[in-house]
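Visitor: I'm new to this one. Could you walk me through how to read it?

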Amino acid sequence: MDIHNIRLQLRQKTIYELQLRVTFYARVSTDSNEQLNSLTNQITYYEEMIKKNSTWTYVPGYIDEGLSGISTKKRENFHRMIEDAKAGKFDLILTKEISRFARNTLDSI
């Protein structure tokens, strides 16, 4: 689906009604049990949310475990997600909060 069609549909429907290929990005900054539990919860939440929407097509998520949000340099799954986005493999990324992408504004942009 091209961006023009998505914009046109957004004027007429909610995001939940659009036929989109949807993925997610999940990250925790440490390998502590509490953080790993949070990561599991993030993954489960997004997989269920995407799969239960009949108009969305599930695209497996991108997960970085035990990596700081200060820099994107060591997050190989984040970089793979960016490359897949450029290749048009999905239309929408869900994430807990924008800081999951990067705490550095320049990296996030």
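Here the talk turns to the fold, the cores and one helix.

Guide: Sure! This is a predicted model, where local features need pLDDT of at least 70, side-chain atom pairs count only at pLDDT 80 or more, and totals for chains, interfaces and linings use all residues. Residues are numbered from 1 along each chain as its sequence is written, and side-chain values use heavy atoms, leaving out hydrogens and water.

Visitor: In what pattern do helices and strands follow along the protein chain?

Guide: Helices (H or I, at least four residues) and strands (E, at least two) are DSSP runs, numbered from the N terminus. Here the order is α-β-α-β-β-α-β-α.

Visitor: Which residues touch the most other members of the largest nonpolar core?

Guide: A nonpolar core is a set of buried Ala, Val, Leu, Ile, Met, Phe, Trp, Tyr and Cys residues joined through side-chain atoms within 4.5 Å. Buried means under 20% relative accessible area, exposed over 50%, partly exposed in between (1.4 Å probe, protein chains only). In this core of 15 residues, they are Leu20, Val22, Phe24, Ile50, Trp56, Leu92 and Leu94. β1 (20–28), α2 (33–52) and β4 (92–95) each supply at least two of the core's residues.

Visitor: And which residues of helix α3 are buried?

Guide: In α3 (residues 76–86), those are Asn77, Phe78, Met81 and Asp84. They line one face of the helix, because seen down its axis they fall within an arc of 125° (taken from the directions from the helix axis to the C-beta atoms). The face turned away from that buried side carries exposed Glu76 and Lys86.
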